[in-house]
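User: Please take a close look at one part of this model and then follow it outward into what lies around it. Explain each criterion as you go.

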Amino acid sequence: MAAALALYEGRLHEAEPLLKAQLKRDPFDVAAIRMLAELAARIERYGDAENLLRRAIEIAPDFVAARSNLATVLHRQGRSVEAVEELDRLQQLDPDNLMNANLKAAVLGRVGEFDEALALYEQVLQGFVKQPKIWMSYGHMLKTVGRQADAVTAYRRALALAPTLGEVWWSLANLKTVAFDDADLAAMLAALDQPEISAADRFHLHFALGKAYEDRREPDAAFRHYGEGNTLRKAQIHYDADQTRAAVDHAKTLYTPAFFEARSDFGADAADPIFIVGMPRAGSTLIEQILASHSMVEGTMELPDIPKLFAKARNQGGIAKLTGADARALGEQYLRDTRVQRKTDKPFYIDKLPNNWLHVGFIQLILPNAKIIDARRHPLDCCFSNFKQHFARGQAFSYSLSDMGRYYADYVDLLNHFDNVLPGRVHRVIHEHVIDNLESEVRGLLAYLGLPFEEACLHFYTNDRAVRTASSEQVRRPINSDGVGQWRTMEAHLQPLKDALGAALTQYPAAR
């Protein structure tokens with residue numbers, strides 16, 4: 001089928017009309033339905049993809065490929081519990097399918113079942129020992145649980161099988177502790193010279209080469225590769241800085257003192273969640289690791305639940321029209337949906353999704369007793385750290401210096417607004433202050449949370465909990481200033497960022 005070939009070759013604009021024409025001729029063609037769902041998923045229209053896949057399964061309940069695709073789509077929407085249920089059904093239909101076992105391992109990792117996930121990866125690798133992407137995924141999981149040396153070994157196994165696989169090179173760079181040698185540099189440059197490599201391999205290689213040259217103190221070459229990587233990645237995604245600005249303006253107009261006064265009895269009563277918000281690469285993982293070292297606080301991961309609930313509320317008529325019962329139900333749904341991430345009986349748990357800064361007002365509305373911490377870092381260090389970071393998904397603002405500066409400035413503006421509207425509601429932690437005076441900052445943080453001081457919080461780096469973010473290896477070391485001022489070697493290239501930051505740069509670290 002021409003549509004299948006176009007889809008395989010990435011010619012989505014050609015595949016879509018062909019598939020729709022086929023479905024007009026035969027609405028029950030489950031293969032065409034599945035391919036149209038795959039197309040929708042590739043452009044991140046996950047709701048459309050899910051509906052199509054459920055239609056295919058309704059017509060053909062034993063359609064294994066459609067069920068596998070559905071599990072993937074559910075996983076990408078953060079609905080990992082549903083994905084596991086779908087994968088359990090698949091195991092009954094096709095018990096020897098190792099690719100489904102591989103997907104289940106990734107999903108189990110997402111819900112914190114790391115031991116089972118690692119065991120599944122090891123089972124899969126017995127049958128697919130020459131599959132580089134499975135070695136890579138295994139490496140990701142080993143990194144998450146702190147087995148860095150084993151992760152490096154897994155990544156190197158993947159590269160031995162596929163030297164041009166850019167994501168593996170980037171995964172090594174993203175450990176932040178691996179120094180590439182001359183042979184590595186030559187191998188990455190040789191891979192970049194291969195005309196047939198994919199765009200994804202290409203931009204991952206550029207990000208990894210940026211790290212390699214930065215480590216070699218060659219800032220111009222480093223920035224050139226970071227710039228190329230960002231340009232290639234930005235071409236694949238859509239981000240409109242004006243939309244973020246509009247969202248901030250809307251929040252400032254909506255969330256006023258009168259708004260909250262009229263809703264003082266809204267929301268679920270639970271005080272369990274601790275939200276850490278702010279910019280990515282601003283020290284939020286460090287704060288999470290410090291708090292997760294306390295006997296009364298459980299660390300989880302970056303949870304997608306608040307943005308999903310916000311979208312649900314907005315689609316049901318808007319935030320302003322929520323009743324007290326609505327807000328309470330949303331808060332209780334958050335508590336139910338995140339329970340899968342809680343593996344202990346500790347009374348408090350952390351939701352560390354930085355982008356939730358956009359939803360501080362919504363959190364106040366549905367969970368008024370939850371705590372909110374703003375992790376803030378020097379804007380040039382923070383934004384440059386984002387610029388040289390490739391994120392697996394999300395953070396679409398981070399692939400342009402000007403977009404990033406505007407995003408940081410918008411974040412500061414909205415948090416300033418909440419400082420006025422809800423004084424003392426958000427506790428701000430300045431990253432450089434934590435580095436300079438760890439104990440004082442930790443005591444202040446715990447006092448805000450109403451928790452007793454515990455010495456273990458100062459020795460956070462001994463905590464062996466799983467960490468999924470780009471800072472996983474950094475928070476397994478004692479406090480240090482290695483990341484302070486890294487932007488200075490690249491300052492000649494950062495003027496667009498400085499211009500976009502404006503007062504957020506000149507007035508840092510003051511709140512306004």
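Analyst: Ala375 stands opposite Val429, a residue of strand 5. The strand that pairs with strand 5 here is strand 4 (residues 371-376), and five bridges join these parallel neighbours. Strands are DSSP runs of E with at least two residues, helices are runs of H or I with at least four residues, and both are numbered from the N terminus. Two strands count as paired if DSSP finds at least two bridges between them.

The model is predicted, so local features need pLDDT of at least 70 and side-chain atom pairs count only at pLDDT 80 or more, while totals for chains, interfaces and linings use all residues. Residues are numbered from 1 along each chain as its sequence is written, and side-chain values use heavy atoms, with hydrogens and water left out.

The wider sheet is open and has five strands in the order 2-3-1-4-5, with parallel pairing. Strand 2 (297-298) and strand 5 (426-430) each have a single partner strand and stand at the edges, so one side of each lacks a neighbour in the sheet. Helix 19 (residues 324-338) packs on this sheet and touches strand 1 (273-278) and strand 3 (348-351). The direction of helix 19 makes about 90° with that of strand 3. Helix 22 (residues 401-421) also packs on the sheet, where it touches strand 1, strand 4 and strand 5; its direction makes about 140° with that of strand 4. Contact here means heavy atoms within 4.5 Å. Axes are lines fitted to C-alpha atoms, for helices over the stretch in contact, and the angles run from 0 to 180 degrees between N-to-C directions.

Helix 22 leads on to the aromatic residues. Rings of Phe, Tyr and Trp (its six-membered ring) pair if their centres lie within 6.5 Å; planes under 30 degrees apart are stacked, over 60 edge-to-face, and the rest tilted. By this rule there are 18 aromatic pairs. In one of them, Tyr121 and Tyr138, the ring centres are 6.2 Å apart and the planes lie at 50°, so this pair is tilted. Tyr121 belongs to helix 8 (residues 114-127) and Tyr138 to helix 9 (residues 132-144), so the pair ties together parts that are 17 residues apart in sequence. Tyr121 and Tyr138 are both buried, where buried means under 20% relative accessible area, exposed over 50%, and partly exposed in between (1.4 Å probe, protein chains only).

The pair that involves helix 22 is Trp357 with Tyr407, which is edge-to-face, at 5.3 Å centre to centre and 80° between the planes. Tyr407 lies in helix 22, and Trp357 lies in the loop between strand 3 and helix 20 (360-366), so the pair ties together parts that are 50 residues apart in sequence. Trp357 counts as buried because its relative accessibility is 0%, and Tyr407 does so at 4%. Ring pairs link both residues with Phe397, Tyr408 and Tyr411 into a cluster.

Helix 22 also meets helix 21. The buried residues of helix 21 pack against helix 22, and against helix 13, helix 14, helix 25 (495-501) and helix 26. Helix 21 (residues 379-387) is mostly covered, with nine of its nine residues buried; among them are Pro379, Asp381, Asn386 and Phe387. The structure holds zero disulfides, a disulfide being a pair of cysteine sulfur atoms within 2.5 Å. Cys383 is in no disulfide, as the nearest cysteine sulfur, that of Cys382, is 5.2 Å away. Cys383 is buried, at 0% relative accessibility.

Some backbone details complete the picture. Most residues other than glycine have a negative phi, and most peptide bonds are trans. Arg281, in the loop between strand 1 and helix 17 (284-292), has a positive phi near 65° and is buried, at 12% relative accessibility. Arg217 has a positive phi near 60° and sits in the loop between helix 13 (199-215) and helix 14 (219-234). With a relative accessible area of 74%, Arg217 is exposed. The peptide bond from Tyr508 to Pro509 is cis, with omega near 5°, and Pro509 is in the segment after helix 26 (503-506).
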